[in-house]
Amino acid sequence: MHNCQILRTFATKIENLITMATQEETFKKIVAHCKEYGFVFPSSEIYDGLGAVYDYAQNGVELKNNIKRYWWDSMTLLHENIVGIDAAIFMHPTTWKASGHVDAFNDPLIDNRDSKKRYRADVLIEEQLAKIEDKINKEVEKAHKRFGESFDEAQFRATNGRVLEHQAKWDALHQRYSDAMNKMDLDELKQIILDEEIVCPISGTRNWTDVRQFNLMFSTDMGSTADGAMKIYLRPETAQGIFVNYLNVQKTGRMKIPFGIAQIGKAFRNEIVARQFIFRMREFEQMEMQFFIKPGTEMEWFEHWKQFRLKWHKALGLGDEKYRYHDHEKLAHYANAATDIEFQMPFGFKEVEGIHSRTNFDLSQHAKYSGKKIEYFDPEMNQSYTPYVIETSIGVDRMFLSIMCSAYQEEQLEGGDTRVVLHLPAVLAPVKACVMPLVKKDGLPEKAREIMDMLKFDFKTTYDEKDSIGKRYRRQDAIGTPFCITVDHDTLTDGCVTVRYRDTMQQDRVRIEDLHELIRKATDMKLLYRKLMTE
Ligand code: GAP
C-alpha cells in the first residue's frame with residue numbers, strides 16, 4: 001500500500017474510534033445526568049441496585065407521565081373507535097400457553113467456560129454482522145472523502161472490490177444465521193460462533209458451551225402450597241390482556257370493526273443481555289394498541305398505522321433524520337408483516353416501537369384454549385369471522401431514553417462558560433416554568449409566590465429563591481424547564497416580569513397577565529394533536 005494511503009486509512013480509523021468514544025462518553029454523561037438531576041435512579045440503590053431495574057425520580061416521573069399522556073390521548077382522544085383498558089398484570093397461566101410464550105418465548109444462550117459469562121448466541125452473531133457492515137461503511141466513507149461531491153455511492157458499493165468481498169461475507173453469514181434462527185437450530189448457532197471465531201469479550205477465548213434455550217418469563221406461585229399453589233407468570237407483554245378482553249370490550253362498548261383497544265402497563269422479561277441503561281430492562285412499561293380489522297384489509301391498515309406512528313414521533317420535533325423504519329425479514333410465526341421504528345441513540349439506530357400485523361393468531365389461539373367462540377358478527381356481510389389484528393407496541397422507557405438522548409446538550413457560551421441543557425420538547429418538559437424572586441426581600445418572594453399560585457393550576461411550576469439568578473437558570477436548564485420568570489423591584493410597580501427562554505437564553509419583559517397564554521402556547525398538547533390530525 002502507498003504511504004499516503006496507509007496514512008489516510010490510519011487517520012480514518014482514528015477518526016472512527018474518536019467518534020465511537022465520544023458517543024460512548026456522551027451516553028455515560030446522559031446516564032449520570034439522569035441520576036444527578038432526579039430523572040432515573042438505580043432500583044434499591046442503597047443495596048447496590050438490582051440489575052436492569054430502575055426507578056423514575058421526581059423529574060423523570062413527570063416526563064414519563066407526559067409521554068404516556070401524549071400517547072394515550074393520541075389513541076383514545078383522537079380516534080373515536082379506540083378505547084382504553086387497564087388489565088391486571090397477573091393473568092390465568094393458560095393465557096401464556098395459548099399465546100405461545102410458554103413454549104417459544106426463549107433466547108438462545110451460550111456460556112464462556114473461562115469467564116463464566118453468559119451471552120445471547122443471536123446477539124453475538126448479530127454483532128459479528130455489524131462488524132462486517134462497519135467495514136463496508138468505512139470503505140464508503142473513505143471513498144466519499146476522497147472523491148468529494150462527485151462521489152456516486154451506489155456505483156461504488158456495486159463495483160468496489162473490497163466492498164463486494166465484505167458484502168459477500170455478510171450475505172453468506174446472514175443467510176446462515178437466518179436459517180438457523182428460523183429453525184431454532186441451536187447446534188448450528190454454536191457452529192456459526194465457532195466458524196466465525198467469535199471470542200468472549202472478557203476472557204478473549206473461544207471456549208464455548210453448547211447453546212441452550214432460556215425462557216424469558218418470570219414466574220411466581222399464587223395461593224398457598226397447602227391449597228395447591230398455581231404457577232403464574234408476570235406478563236411479558238401487555239397485549240395479551242387486550243386479546244383476552246376483546247369480547248368484553250366489543251360487546252359492552254358496542255364496538256364496530258375496525259376498532260382498537262389501547263393499554264399502558266408494566267411488562268417483565270428476564271433479559272440476559274441487560275445493558276444500555278433503561279434501553280433493555282427486566283421491568284419496563286409498554287404502550288400497546290391492538291386494532292381489530294376485517295381479514296384481507298390488514299396490509300392497508302398496517303401501512304396506515306406505520307405512517308401514523310412515525311408521524312406521532314416526528315411531531316415532537318426531535319429531528320426527522322433520527323428515525324428510520326426497519327422492516328422485518330424474519331417474521332414471528334403469527335405475523336405476516338412487521339416493522340420497527342428505530343431512533344438514533346448514541347449507540348446506533350435502535351428499536352423504539354414495533355408495528356406488527358398479527359393475523360388472527362392470538363384470538364384463534366385463545367378461542368382454542370378457552371373453548372369460547374371469539375368472533376365478530378359483521379352486519380354488512382351478515383357473517384361472523386375472527387378479526388385480524390394490527391398491533392402498535394412502544395416501550396415507554398425507550399421513548400424516554402430517545403428523548404433524553406436527543407435533548408441533552410453541552411453548550412459553549414460566550415466568555416468561555418459552558419452550560420448543560422435539556423432541549424426537551426416543551427410539551428413534555430417535567431417543569432414548565434420556574435418563578436424566581438431576584439432577591440429574598442422587599443416583597444419580591446411574596447409577589448413571586450402570587451404568580452406561582454396563578455400558574456400552578458394549569459402548569460407544573462416551581463419556585464426557587466436560592467443562589468444567584470445565573471445559577472438558578474443553570475439548574476432549570478439542566479432539567480429542561482422552558483421558562484424562567486424573574487420577579488424584580490420593577491415588577492412591583494410596572495406589573496411585568498423578565499421571562500428567560502431556555503433554548504435561546506433570550507430575555508423578554510412580559511406583563512404578568514400575559515404569562516399564562518405565553519406558556520400555554522408553547523406547552524399545550526392540543527397543538528400536537530392538531531398537528532397529528534391535519535398535516
Ligand atoms: N406485544 C408485542 C411486543 O411486546 P416487542 O417488540 O417484544 O413486542 C415492544 O416489544 C416494545 O417494547 C419494543 O419496541 C420496546 O420499545 C419495548 N421493550 C421490549 N423489551 C424491552 C425491555 N427489555 N426493556 C425496555 N423496553 C422493552
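Helices (H or I, at least four residues) and strands (E, at least two) are DSSP runs, numbered from the N terminus. The model is predicted, so local features need pLDDT of at least 70 and side-chain atom pairs count only at pLDDT 80 or more, while totals for chains, interfaces and linings use all residues. Residues are numbered from 1 along each chain as its sequence is written, and side-chain values use heavy atoms, with hydrogens and water left out.

**Exercise 1.** State where Met222 is placed and which surface patch it helps to make.

Solution. Step 1: Met222 is in strand β7, residues 219-222. Step 2: its relative accessibility is 37%, so Met222 counts as partly exposed; buried means under 20% relative accessible area, exposed over 50%, and partly exposed in between (1.4 Å probe, protein chains only). Step 3: Phe90, Met222 and Met230 make a nonpolar surface patch of about 260 Å². Patches are made of residues with over 30% relative accessible area and no salt bridge, with like charges joined within 9 Å and nonpolar side chains (Val, Leu, Ile, Met, Phe, Trp, Tyr) within 5 Å.

**Exercise 2.** Check the span of helix α5 against the value expected at 1.5 Å a residue.

Solution. Step 1: the expected span of a helix is 1.5 Å times one less than its number of residues. Step 2: α5 (residues 121-147) has 27 residues, so it should span 39 Å. Step 3: the end C-alpha atoms of α5 are 40 Å apart, which agrees. Step 4: just after α5, Gly148 has a positive phi of about 60°.

**Exercise 3.** Describe the salt bridge between Glu139 and Arg162 and the parts that the pair ties together.

Solution. Step 1: a salt bridge is a side-chain nitrogen of Lys or Arg within 4 Å of a carboxyl oxygen of Asp or Glu. Step 2: the closest N and O atoms of Glu139 and Arg162 are 3.1 Å apart. Step 3: Glu139 lies in helix α5 and Arg162 in helix α7 (residues 161-183), so the pair ties together parts that are 23 residues apart in sequence. Step 4: Glu139 is buried, with a relative accessible area of 11%, whereas Arg162 is partly exposed at 40%.

**Exercise 4.** Decide whether helix α13 is enclosed or open.

Solution. Step 1: α13 covers residues 396-407. Step 2: 12 of the 12 residues of α13 are buried, so the helix is largely enclosed by the rest of the structure. Step 3: among these buried residues are Asp397, Arg398 and Phe400.

Technical notes
Accessible areas come from the Shrake-Rupley method with a 1.4 Å probe; for residues, only the protein chains shown count as cover.
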